[in-house]
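Student: Please take a close look at one part of this model for me. I would like to see how a single helix sits among its surroundings.

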Amino acid sequence: MRLKIIMLIAVLGLTSFAPNEKSWTAIGDSITYLNDHLDETGNRVTKGYMTRVTEKLPNIHYINQGHNGWSAVGIAREIEKLGLQKSDIYSVFLGTNDWWQGLPLGTFEDYRHNAGLNTVFGAYRVIVDKIKALNPDAKVILITPMQRQDFVYVADSHNNAFGSYKAKNGQMLSQFADAVKQIGAYEHYSVVDLYYKSGMKLKNMVKFKHLRDPATGQYKNYKYPDFEGVPFNPDADEYPYPVEAINYTFDGLHPSDKGDQVIADMLVKVLK
């Protein structure tokens, strides 16, 4: 009898220290999508931010709901078709494509009053309401868009975009980051502030941009902000971000291994 009691105590002791398994649904755009499609980075990335998080916190298992090129408005529009599951944790990492597509941010009142899909604030309300319906007790983490430099897609240079150093459709990307923070404060959600607090800034997104000097026609490695306004011709010019140019991003927009590690470290602090 005494032996049985000792064995029972030992088993209870072991199980009490067993990690509590958690499911995490990560809702996002291409930055999230690429975690499981590393070949689409030109194999410039070895591990995405979600993989890095779950390596540090192995009791957490992620579900990738990243959709390449999608905006918050696009996610909200298709929210009932995405097959979102009940999870213990949700992260929402959107906004950069809304800014680039020139979608109207709107005002916080659009969020508060559930004004619908005409603005990004309204779209976030649709996403948050869906999460609450799936699991009102879930931990929700909102992630601000990160700053972005001139983007040139590694597989097709014709797919390119200027960085967040200037406005698109009269809106700055920083306004979209501020909106995410405002929603997070209102809902008492954790916010991972990549825009202001990650250390990833316009000056260090890439080490340089490899472009032709307009005066000489010879290639030159321009650092930011010197490459602003220097023309790039996708039909004739070399890809402007060789491997040596990679810093926090590998293409001006999408995080490199170094950038993904920053995102993962900030998420791990919140998830612990």
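**Helix H8 and the sheet beside it**

Tutor: Start inside the sheet, with one bridge: Val92 has Leu142 of E4 as its bridge partner. This is a predicted model. Strand E3, residues 89-93, runs parallel to E4, and 5 bridges join the two. The whole sheet is open and has 5 strands, in the order E2-E1-E3-E4-E7, with parallel pairing. Strand E2 (60-66) and E7 are the edge strands; each has a single partner, so one side of each lacks a neighbour in the sheet. From one strand to the next, the twist averages 20 degrees.

Now the helices on the sheet. H7 lies across strand E1 (22-28), E3 and E4, and runs at about 170 degrees to E3. H8 also packs on the sheet, where it touches E4 and E7. The direction of H8 makes about 160 degrees with that of E4.

Next, H8 itself. It covers residues 173-187, 15 residues in total. At 1.5 Å a residue the helix should span 21 Å, and its end C-alpha atoms are 22 Å apart, which agrees. Which residues of H8 are buried? They are Leu173, Ser174, Phe176, Ala177, Ala179, Val180, Ile183, Gly184 and Glu187. In an α-helix there are 3.6 residues a turn, so residues three or four places apart point the same way. The buried residues of H8 pack against several elements. Among the helices are H5 (96-100), H6 (108-112), H7 (120-134) and H9 (194-197). The strands are E4 (139-143) and E7 (190-192). Just after H8, His188 takes a positive phi of about 60 degrees.

H8 also feeds the largest nonpolar core, which has 35 residues. Val92, Leu94, Val120, Tyr124 and Ile127 touch the most other members. Helix H4 (72-77), E3, H6, H7, E4 and H8 each supply at least two residues of this core. H7 gives the largest share, 8 residues. Tyr124 shows how the parts meet. Leaving aside neighbours within four places in sequence, Tyr124 contacts Ala72, Val92, Leu94, Gly95, Tyr111, Val180 and Ile183. Two of these contacts, Val180 and Ile183, appear among the buried residues of H8. Apart from this core lies another, of 25 residues, among them Ile89, Phe93, Ala264 and Leu271.

Aromatic rings add a further layer. The structure holds 13 aromatic pairs. In one, the rings of Tyr49 and Phe93 have centres 6.0 Å apart and planes at 70 degrees, so the pair is edge-to-face. Tyr49 is in helix H3 (residues 49-56) and Phe93 in strand E3, 44 residues apart, and the pair links these distant parts of the chain. Tyr49 is buried, with a relative accessible area of 0%. Phe93 is buried too, at 2% relative accessibility.

H8 takes part in another pair. The rings of Tyr111 and Tyr186 have centres 6.1 Å apart and planes at 85 degrees, so this pair is edge-to-face. Tyr111 lies in helix H6 and Tyr186 in helix H8, so the pair ties together parts 75 residues apart in sequence. Is each ring's residue buried or partly exposed? Tyr111 is buried, with a relative accessible area of 0%. Tyr186, at 41%, counts as partly exposed. Ring pairs link Phe108, Tyr111, Phe121 and Tyr186 into a cluster.

How values were computed: Residues numbered from 1 in each chain as written. Predicted model: local features only at pLDDT ≥ 70, side-chain atom pairs only at ≥ 80, totals over all residues. Heavy atoms only, no water. Helix = DSSP H or I, 4+ residues; strand = E, 2+ residues; numbered from the N terminus. Expected span 1.5 Å × (residues − 1). Buried < 20%, exposed > 50% of the residue type's maximum accessible area, 1.4 Å probe, protein only. Contact = heavy atoms within 4.5 Å. Pairing = 2+ DSSP bridges. Axes fitted to C-alpha atoms, helices over the stretch in contact; angles between N-to-C directions. Core = buried A, V, L, I, M, F, W, Y, C linked by side-chain atoms within 4.5 Å. Phe/Tyr/Trp six-rings, centres within 6.5 Å; stacked < 30°, edge-to-face > 60°.
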